[in-house]
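Here are my notes after a pass through this one. Have the viewer open while you read.

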Amino acid sequence: MLSISNLHVRADKKLILRGIDLEVKAGELVVLFGPNGCGKTSLLKTIMGLSKYKIVKGDIKFMGESISNKSIDERNKMGISLMYQKPPVVEGVKVTDFLDRDEDLEKRLSVSKFFKRSMNDGLSGGETKRMEMYQMIKMKTKLYLFDEPDSGVDVENIVVLAKEINKLMEDKSKSAILVTHGGQILKYLKPSRAVVMLLGKIICHGDPQRVFRAITKVGYSRCLGCKCRGKCHEK
Amino acid sequence: MVVNVEENAMKNKYSKVGLNFENKDVGEFLIDNKDIRICRSNVDGVELTSLKDACEKDTDVQKKKWFLIKKESDEITKKVSKGFDNGYFVRSKKGVKIDGFVQTCLSIGDNGVEQNVHNVVVAGDFSQMHVLTGCLTVGKAKQSQHNGVTEIYVGKGAKLTYTMVHSWSDDTIVRPKTVIRVEEGGQFISNYICIDKVADIKMYPECILVGKKSYANMNSYILARTGSKFDIGAGVQLKGKNSSCLIKARIVSMGGEVVNRGIMEGENGGVKGHLECSGLIVGKGLIHAIPEIKANNDNTDLTHEASVGKVSKDVLEYLQSRGLTASQAMELVLRGFLDINNVSVPKTIAKRISRIPVEKEMTD
């Protein structure tokens, strides 16, 4: 579904992605680990096409077609949706200005009361993520990009969000990349595999739970110079 | 003189300023060039006549004409005084509370017309009324000038909402002059909306809050296109004890020039006021915000804030990530910024504001 090859990306005159290779197949939920500033969010935003992120080398293919020169809305119409970590407040604009209401989904996410507000105005961390999830579900999406759905969110909200992600992933024609920093949401998900990013590169991959346990134990510093390609996490 | 015309021919002609003479509302008044075409009140408790007729019949109206605004104030008042065509007189009776709009229309349909109108509005004590005034050029009328004087009296405990929508041709000179007097506990809410191109508008309504606990809320929603010049704003004199006001301007410049003035003068104890001007420049344009505060009492609370900037790229791209094109995202952001949702306006106006056309280069 998604094929990224030798992707080099510049943002604010700085090279932030330095040769990313990543394949995501239909039905896969890929978890992206990495320390602060390693480029996880930048990778998701580059896939979505945000203008700050300029591809200087390499390519992104979605459903066999290069999307590197496509606009954000074109990518969305092709089936890519990004769940923002910190979405901006859009004054005077409501979600209903471009998406229909869905009573059942509103109930599941407890978001009915937020529809009269400007988008993201005065919402707590959990409320923001639930409204983002509402939009992700309502859009016709093939590839979901979840940017830290568990950051700044309490356990109850994490469970609600994870439940929805699991539901989405029941459809094996869909895929997702999920960035998590703290890993709390992993307890409630069944990701296919994990990849580890460091200094703008993917340096390791493996079983998500094992990789997470290893990182928690020894940190990311050990990954530097490690040539195991995921095998050390098997021990 | 009231001239009878086929009202069906007017269907939709005035909808761009939110007026609809097809369905009878609280009352309708239409002056075309210099002649009154429609003048009627459809409900008890609201008088609607021409100002000339009202002055002939009622000495109180005579006293109110040229009371708040002096004939010799400036060139415009002198012109209106000497070349007075006519105008409307609206009065809600004491205690009458009415839903719906008193629709008044000041229209120019011919080339080179200089229209001089004078209006008087009276909201009787404890009454409630909404006057919707649409001012426009129709057809291909060119090189015209609209000079208007409006004196508004808001009685004790009364609430008057006064919404003015302008849609002029791109070479019309527009000079309205308005003064409002609000008595004890009275409320005056004004909304000024102009989203069409105009040559030059100078407009600066002044509200005098004479009564204690009187209140004014004056809002302006402006879209200034290339070639348009606006010198607009509002002033409030807070003379009554514990009187308060909110002056708000939302301005989008798409190449037009806007000077937005606002002044609050606190002249009694316990007065409160806030003045807010927010501007967005899309592509090129000019917005000059001039907020002023004056107080002569230590028990006043007057504040102001002003900001001018561009549409946030993050916001536009966020909406694009929801599938909206760049133009659609810009349209939505501008509509949201103009924040007309909370204003009671006819659907035709709300719909027009929801579809502000954005040229492609403005989103690049």
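1. Let's start with the sheet in chain A, bearing in mind that this is a predicted model. Four strands make an open sheet, ordered S2-S1-S4-S5, with antiparallel pairing. The edges are S2 (14-24) and S5 (65-66) of chain A, each of which pairs on one side only.

2. Zoom in on one of those pairings: S1 (residues 2-11) of chain A and S2(A) run antiparallel and are joined by eight bridges. Leu7(A) sits opposite Ile20(A) of S2(A). Helix H1 (residues 40-48) of chain A packs on this sheet, where H1 touches S1, S2 and S4 (54-62) of chain A. The direction of H1(A) is at about 75° to that of S2(A).

3. Now the contact between the chains, to which chain B and chain A each bring 20 residues. On the chain B side, helices H4 (313-320) and H5 (326-338) are the elements giving two or more residues. H4(B) gives the most, with seven residues. By type, the chain B side splits into seven nonpolar, seven polar and six charged residues.

4. Chain B is assigned two domains, domain 1 (7-313) and domain 2 (314-364). Their centres, taken over C-alpha atoms, are 26 Å apart.

5. Which residues touch the most other members of the largest nonpolar core? Leu145(A), Val196(A) and Val333(B) do, in a core of 162 residues. Both domains of chain B give residues to this core, so it lies between them.

6. Val333(B) is worth a click. Beyond its neighbours within four places in sequence, Val333(B) contacts Val90(A) and Val93(A), plus Val311(B), Val315(B) and Leu316(B).

Conventions. Residues numbered from 1 in each chain as written. Chains lettered and ligands numbered in written order. Predicted model: local features only at pLDDT ≥ 70, side-chain atom pairs only at ≥ 80, totals over all residues. Contact = placed C-beta atoms within 7 Å. Nonpolar A, V, L, I, M, F, W, Y, C, P; charged D, E, K, R; others polar. Domains from an automatic or database assignment. Core = buried A, V, L, I, M, F, W, Y, C linked by C-beta atoms within 7 Å. Buried ≥ 20, exposed ≤ 12 C-beta atoms within 10 Å, placed from the backbone. Pairing = 2+ DSSP bridges. Axes fitted to C-alpha atoms, helices over the stretch in contact; angles between N-to-C directions.
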